[in-house]
Each structure stands twice: as C-alpha cells, then as structure tokens.
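Please look over the protein shown below together with its sequence. The report that follows goes through its overall form, its metal site, its interior and several backbone details.

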Amino acid sequence: MRRILLSFLSLVVASCAHEPQNEIDGQDTASVADMHANAAPLVVMIGVDGLRWDAIDRHNAPTLQSLAQNGMRPESMIPVMPTKTFVNFYSLATGLYPEHHGIVTNAPYDRAFGEGFVNQTSPGEARWWGGEPIWVTAEQQDVRTGVMFWLGSEAPIKGVRPTEWRPFDQNKPYDERVEEVLGWLAREGDERPGFVAFYMSAVDTAAHRFGPESEEEGEAIALVDQTIASFLDGLEALGLRDQANIIIVSDHGMTHTLQSDYIYLDDYVSLDGIYVPELEGRYGNSYHPFVQIFAEHDGQDMDAVYDALNGVNPHMQVYRRDALPETYHFNHPDRGADLFVEADLGRSIRLRAPEPQWPTPIPGNHGYDNREKDMHATFIGQGPAFPVGARPDSFENVNVYLMIACILGLEPAQTDGDAALVESLLSQSCPSFH
Ligand SMILES: [Zn+2]
C-alpha cells in the first residue's frame, strides 16, 4: 500500500514541477496545496562546520537569513562537550551525548580496544560508533536515506549504512556534492530518499585560520550560502521544495585565541607514565583548548597528577572523570579520560618543550566549555514542520535526532533528547513517539 501511495505521490509531485503556473492559478491552488500536504515528508540536513550561532548576522548570507525568517531559528544551539567536530556531528546524528555514543573527542582512545581512533580507517569501523544515527533508524523503517560526508555514515552501524553514502573527500567541490544529492532525490517512488544530508567545512577552516568575524570567514559563509541557494533551486526544479524540511546545523562556534600567556603543561607535570592523546600525532606539538590524561596502566594512582595540576594556573581547570561539570556528558565507560584538563575560553595548553611547530595558536579555535556563548552553534529549520518566524530559546543539539524522527514519522531509538521539548518546538504532537 505504501509503495502504491508513494508512486502516486511522486507522479503528483512531478506534475507540479512541470506546471509551476498551477500554483498561482486560482482554480488549482487548493488541489495543489492538498497534494503537497499529502506528499511524503522529506528532511534535508545540511551541516556547516564552525558556523557560530551569530555568524549569519555578521556576514552576507541572504539564503540562510531567508530560511531563518521563514522558519525557526533558536537564539543558538548548544553543542555537547567537548565542542569539537566529530563529537557534535555525531550527537546531531544520534541524539546522544558522547558518554552514550562514544565519540568523546575527534580521535577517542578506547581502553578496551587498547587503541585510538585513526582517521584513515576508523570512520568505516562500526565498533567506534555507538548509538543509532537517524539514517539507520530511517532505513530500518523502510525510509531510504542518502548521506554525503556525515561523521558515522561510512560505517555499517548496527549493520546498516545509508542507501547512498560516500567516503569523505575534503576536495570534492560543493557544486558536485549538491548535484549528486539532487540526483538521489530525483529518484521515483520509494527509491527516493526521505532523508538526505550533506556537509561543508569551509567556514570552520576560514574561521580557524583568520579568526571569527574575519573577512575570510565572511567569504566562506558566502560560498556556503550560494551552495545552499543552488541546492534549493534544484529542489524546486524537482518539485520537492514545498514538502522539504530544511535543517541547517553547525557543530560548534568559534572564539579568538589569546596569542600569549600559554598554559605549559610540562611546567606542572611530568608526562612519564601518563598518556595524553592530544599530544600525539600530527597536531600533538601544538596548542589545545583541552587535553585528556589517561593512566598508562590499570590501577595506576592518578592522585599525584591531579594534585600537580589542580589550582596551579588560574586559567586551567582539571577534573577527575567522576567529577566533571553537570553539563559535560562525555565520561564514556571505555573512553572517558581519567583527567580532563581545560583552558579558559581562548587560552591554549601546550608544551614548553619541544617548541611547537607553529609559533602561535591559530587565531580561531573551539573545544572550550559548551556553556560559553562563543561555542554555541547555528540551527535553522524551515519547511512544513517548522513554525514560521519562531525564535525559541537555545536548545541542545541532542534534540535534533528527535525532530527528524517526528517529521519523518519514525519510531525513535533511545536518545538524550527531550521529546516534550521537541513537540513544543514543532508545535505538534509526534505520533511516532507515543
Ligand atoms: Zn574546527
């Protein structure tokens, strides 16, 4: 029945696309509106790395501004801690805090595996990715999905990948990403995805290199804005624009870094006998908003390390894993560090020796306390599910999974989101939740 209904709807929608004048033709307006109201729901989630909550107000972003004006834009979206990319894009996908999904930093270390996440191979290994991303929920409930470069989409999580997915290719031009996603959406009937997502990194890159509020950040936002505009044009040409719910999300914000008064970890503690993943590898010898400290062997007493770091620098906090602030939900059983050492907003932790390969921190950075407004992210939702002009208070990004589940009528997996909040944001009861 579902198959027949969807085939019928795709014919209806295709006919709308070919006869756009019907939409303004008095006598057909009602019937076209009815058809669209009955069309299969569609969610498009677009991830814009590093788009701070206020960035579209500071730069020229006509498409994003228009989506916000015609949809819902909260004051800001609160990222999960630590405010890093992998952590937050995966919380957006799963509705879970890192303590439950396991991506507790960009390259988590797992005690049970005895190894750390490796960028070359780990993205495709299901063992790293806990919880249930929205595309898995959808596929399991017979809704097709297509995902272009979302963290987690390369692994068969619970044995399931999106129908369409691609290995990450940083250099794939944005217009090609858009064209390919539109190609998936051009399919007929139940072959057409009900959920698609794609990702763009340009804003994060520019804001790191030149700082937030820089001209270069503005240029990157303009590129992203134009890309989204051309995607929306493509949706329109497919006759899908009216039924599409567009969700623009970012993972975190960005702040200016102080170019002096660094926190030298090795002034306070010897690195012998402890493991600090941030200090390993390509970026190890550089500047960090936080570092995690693991005991090098089981049962090791970490009190001496804690005491050596606690209270010694007014711009650095050290937390034991069982005494993290209430808003930090990343103490995963196998991946939570024994100690979490955090710099104040804009400050950087480094080693005195050897001298870092870069002489100063990059001008923009993130990873700081998620209660700091500079770390807050962007959310814009526009489409039939979102109240026009709604400006709710800031909400946490773990609610986005439930929003998508509600819109697509999917029975959600267990999440850390708040179903009642999602229903109130969307001004509707979500039948699939009850
Ligand atoms: Zn970044």
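The sections below move from the whole chain to single residues.

## Overall form

The structure is a predicted model, and the protein it describes contains 13 helices and 18 strands. For 434 residues, a compact globule would have a radius of gyration near 22 Å, and the value found for the protein, 23 Å, agrees with that expectation. Along the principal axes, the C-alpha trace extends over about 80 × 45 × 35 Å.

Of the 434 residues, 56% count as buried, and the accessible surface of the protein amounts to about 17,800 Å², with 49% of it belonging to carbon and sulfur atoms. Among the contacts with a separation of 6 or more, 71% are made by residues that are 24 or more positions apart.

## The zinc site

Which residues supply the protein donors of the zinc ion? Asp204 contributes two OD entries, while His208 and His366 each donate through NE2, and these donors lie 2.1 to 2.4 Å from the zinc ion. The angles subtended by the 4 donor atoms run from 55 to 152 degrees, and the arrangement is therefore irregular, since a tetrahedral one would need all angles to lie between 85 and 135 degrees.

The spacing of the donor residues in sequence is D-x3-H-x157-H. His208 belongs to helix H9 (residues 202–210), whereas His366 sits in the loop between strand E16 (364–365) and strand E17 (379–382), so the two histidines tie together parts that are 158 residues apart in sequence. His208 is buried, at a relative accessible area of 14%, and His366 is likewise buried, at 3%.

## Nonpolar cores and a covered helix

The largest nonpolar core holds 87 residues, of which Ile46, Trp150, Phe195, Phe231, Leu235 and Phe379 touch the most other members. Helix H12 (residues 400–408) provides the largest share of this core, with 9 residues. A second core, separate from the one just described, has 21 residues and includes Val276, Val291, Met316 and Leu351. With residues up to four places away in sequence left out, Leu235 touches Leu42, Leu182, Leu185, Leu240, Arg241, Ala244 and Ile246.

Is helix H5 (residues 85–94) mostly covered or mostly uncovered? Helix H5 is mostly covered, as 10 of its 10 residues are buried. The buried residues of H5 include the polar-named positions Thr85, Asn88, Ser91 and Thr94 as well as Phe86, Val87, Phe89, Tyr90, Leu92 and Ala93. Just after H5 comes Gly95, whose phi is positive, at about 70 degrees.

## Cis peptide bonds and positive phi values

The peptide bond from Met81 to Pro82 is cis, with omega near -5 degrees, and Pro82 is placed in the loop between strand E2 (77–78) and H5. The bond from Ala353 to Pro354 is also cis, with omega near -5 degrees, and Pro354 is found in the loop between strand E15 (349–350) and E16.

Phe149 and Ser427 also deserve attention when the backbone is inspected. Although Phe149 is not a glycine, it has a positive phi of about 70 degrees; Phe149 lies in the loop between strand E5 (145–148) and strand E6 (164–165), and at 4% relative accessibility it counts as buried. Ser427, which is not a glycine either, has a positive phi of about 50 degrees; Ser427 is placed in the segment after H13, and at 56% relative accessibility it counts as exposed.

## An exposed loop residue

Glu411 is located in the loop between H12 and helix H13 (419–425), and is Glu411 buried or exposed there? With a relative accessible area of 56%, Glu411 is exposed, because the cut-off for that class is over 50%.

When neighbours within four places in sequence are left aside, Glu411 is in contact with Thr137, Gln141 and Ser432. The C-alpha atoms of Glu411 and Thr257, which are 154 residues apart along the chain, are separated by 43 Å.

Conventions. Residues numbered from 1 in each chain as written. Predicted model: local features only at pLDDT ≥ 70, side-chain atom pairs only at ≥ 80, totals over all residues. Heavy atoms only, no water. Donors = N, O, S within 2.8 Å, 3.2 Å for Na, K, Ca; no water. Tetrahedral: all angles 85-135°; square planar, octahedral: opposite > 155°, others 65-115°. Helix = DSSP H or I, 4+ residues; strand = E, 2+ residues; numbered from the N terminus. Buried < 20%, exposed > 50% of the residue type's maximum accessible area, 1.4 Å probe, protein only. Core = buried A, V, L, I, M, F, W, Y, C linked by side-chain atoms within 4.5 Å. Contact = heavy atoms within 4.5 Å. Rg over C-alpha atoms; globule rule 2.2 N^0.38 Å. Areas by Shrake-Rupley, 256 points an atom, 1.4 Å probe, with all protein chains shown as cover.
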